[in-house]
Amino acid sequence: MKNSISNHSEIMLPRLKNLIFFLVFLISAVISTSSYHPLDSLTPSELNQTQTLVNDYFSSPHQNERFHYVGLDEPEKSDVLSWQSSSHTQKIPSRRAFAIVRVNSKTHEVIVNLSNNSIISDKVYNGYGYPLLNFEEQLAAGNLTLSYPPFIASIQRRNLKLEEVVCLSFTVGWYAERKSSRLVEVMCYYLNGTVNLYMRPIEGITATVDLDQMKIVAFRDRAVVPVPKAEGTDYRSNSSVQDLVKQVGPGFTLDGHVVRWANWELHVSFDMRAGLMISLALIYDSEKGQYRSVMYRGFISELFVPYMDLTEEWYYRTFFDVGEYGFGLSTVTLEPLKDCPENATFMDGYITSQDGSPVLVPNIICIFERYAGDIMWRHTEAGIPGQVIREVRPEVSLVVRMVAAVGNYDYIVDWEFKESGSIKVSVGLTGLLEVRGTIYTNKDQIREEVYGPILAENTIGSNHDHFINFNLDLDVDGVANSFIKNNLQTVRALGNTSPRRSYWRVNSQTAKTESDARILLGSGATELLVVNPNKKTKVGNFVGYRLIPGVITGPLLSSDDYPQIRGAFTKYNMWVTPYNKAEKWAAGLYTDQSHGDDGLPVWSSLRNRKIENKDIVLWYTLGFHHVPCQEDFPVMPTLTGSFELRPTNFFEHNPVLKPSQYATDPPNLSASGDNSGAFTR
Ligand code: MN
Ligand code: CU
């Protein structure tokens, strides 16, 4: 007891200091909002300006003008890097917006110059595939179905209450048919005693809606299947946890959207397609007395979720959550103390509505210091007679978090930066399963293929995958990098040199072209390394970072299956391409109803470009095969997968030998003198 009391009083003092710091930080944040970073997300006024320019350009009244995407048209990388190297003093490159607008059923790509208030270009896209679905049209398609007389008759036939029915829009994919319209399948669910609509599908009924016409073009009612019961599906808690917001200091500084924490500097932005984006991540090297670049940009480029159910209402459910629904559009407000800890700082984000106006989503990203009770490194030395040496450094890290709730599923995305130079990226899966209603109430009754396990009475959880592709433009200590596969090979010991018969050694292969760097992990031991071949450590190793995969997951669908053709980026766990500003989305820019003729596999396989000593980008897929189980019902506890980007001969030695200032004094921001100049506070 005595211990805990004294600990408590020790913690109070830093908190008070942090409160004072937080006020200073707030004031400085207000002052610095006028200065842009070239990679900042579009501001509300820039979004408004884009809306006005686009509306004027298509000279309203164009009844049929709909915005599907508005975001920053990224400046040229060379301009951003030259701005960065001028210590942010150079004038920033001109601000541009990229908008995807449907006008009279045609897809227009419009680039706007915000600096001189003009339209730079307007290009009609005539290829396969369609842009992101916007919220309003998904809602309208549902409402259209709810008021459609044959649908109403179907609901009545099942003795269901129409006012308890909720309808949702599902993207339809592509199955070699020649579609010429933007279609969705509308599927409906039943509330009546629960908020967990996803556990109560109304099977058998589908309405096909043409989104441009906003018209039902097909309607089917195939079979009456019992709706799973409401009982046991609710996941709400009755007790309301009090929101005791104890504001402690953030532990980092924020200059506009540039975060500085410990030895890290990085830029945080939000995009309505990608969600959270991390840019210009630099780490301070106290030995060299300078910041060194690690990553130019990192974000989720696609999230492919194919379901393994071939029935008529299910076979097309092969979702691309980034390209079809927008990972950013699906990003939700985070709840203080629950989604993020009490020391978190929140950032707002903006998405655009169908008419192009900005919509504020408060607290869309949170940033916080994490004290998980982990050990950064340690050693106890008991081998010296007469003494015991113990040296331990506790781990403190910085987490940047967002949560996207794409319909039923919630994805928690964390970028965790460590003082040791590691970046750990993790994705947590939670939320609600997509389940199918069935006549069965027990496993013993099932004699046919039902495509997944039974989870509750009348409820089948469909087997499915989650493939999350990360676009990682590493710039390890500069732009020119090479990708190296370190294959660990067993060597037989020949002759009588040793009683041993084998050992392993590292066989390094530098990838010359893209085909050398397509890697399907799982067979053999391979290290995936990005080096700067123009820079060596004092002892002669190339400076580098390696990617350490988590659980290794590859595709199980046949390569000629249509969803797999569209999601062919999953064919390899790793691809490496030369940097190209236009190549951002692993499954192509127009993913809805895509044919697989755009995207990473096409760019990479057709051209097989040179990637040695060039600006390169890694595309890494984190995957999950998900066989649902009863604990996933009615709401799924978080299942997490992750990978790590870890310095490998980047520093001359362990960069965290000195005691961290965080070790004894948690979120302390006082500018102490013994931090090796790593802090610019
Ligand atoms: Mn690069
Ligand atoms: Cu899942």
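**Internal cavities of the predicted model**

The residues lining the largest cavity fall into five nonpolar, two polar and six charged. The model is predicted. The volume of this largest cavity is about 130 Å³. Its lining comprises 13 residues. Nearest the centre lie Phe 299, Asn 471, Tyr 579, Glu 583 and Lys 584. Three strands each contribute at least two lining residues: S13 (290–306), S25 (464–474) and S31 (616–626). Strand S13 gives the largest share, with three residues.

In total, three cavities reach 30 Å³ or more. The second largest holds about 50 Å³ of space. Its lining includes Tyr 125 and Tyr 128. Also in this lining are Ala 587, Gly 588, Leu 589 and Tyr 590. Ser 594, His 595, Gly 596, Asp 597 and Asp 598 complete the set. By class, five residues of this second lining are nonpolar, four are polar and two are charged.

The cavities belong to a chain of 681 residues. Seven helices and 32 strands make up its secondary-structure elements. Of the residues, 53% count as buried. Contacts were also sorted by sequence separation. Among those between residues at least 6 apart in sequence, 68% join residues at least 24 apart. The accessible surface of the chain amounts to about 29900 Å². Carbon and sulfur atoms account for 53% of that surface.

How values were computed:
Residues are numbered from 1 along each chain as its sequence is written. Chains are lettered from A and ligands numbered from 1 in the order in which they are written. This is a predicted model: local features need pLDDT of at least 70, side-chain atom pairs count only at pLDDT 80 or more; totals for chains, interfaces and linings use all residues. Side-chain values use heavy atoms; hydrogens and water are left out. Helices (H or I, at least four residues) and strands (E, at least two) are DSSP runs, numbered from the N terminus. Buried means under 20% relative accessible area, exposed over 50%, partly exposed in between (1.4 Å probe, protein chains only). Contact means heavy atoms within 4.5 Å. Accessible areas come from the Shrake-Rupley method with a 1.4 Å probe; for residues, only the protein chains shown count as cover. On a 1 Å grid over the protein atoms alone, a cavity is a set of points where a 1.4 Å probe fits but cannot get out, and a pocket is an open set with protein on both sides within 12 Å along at least five of seven lines; lining residues have an atom within 4 Å of a point. Grid points are joined across faces, edges and corners, and a volume is the space filled by probe spheres set on the points. Ala, Val, Leu, Ile, Met, Phe, Trp, Tyr, Cys and Pro count as nonpolar, Asp, Glu, Lys and Arg as charged, and the others, Gly among them, as polar.
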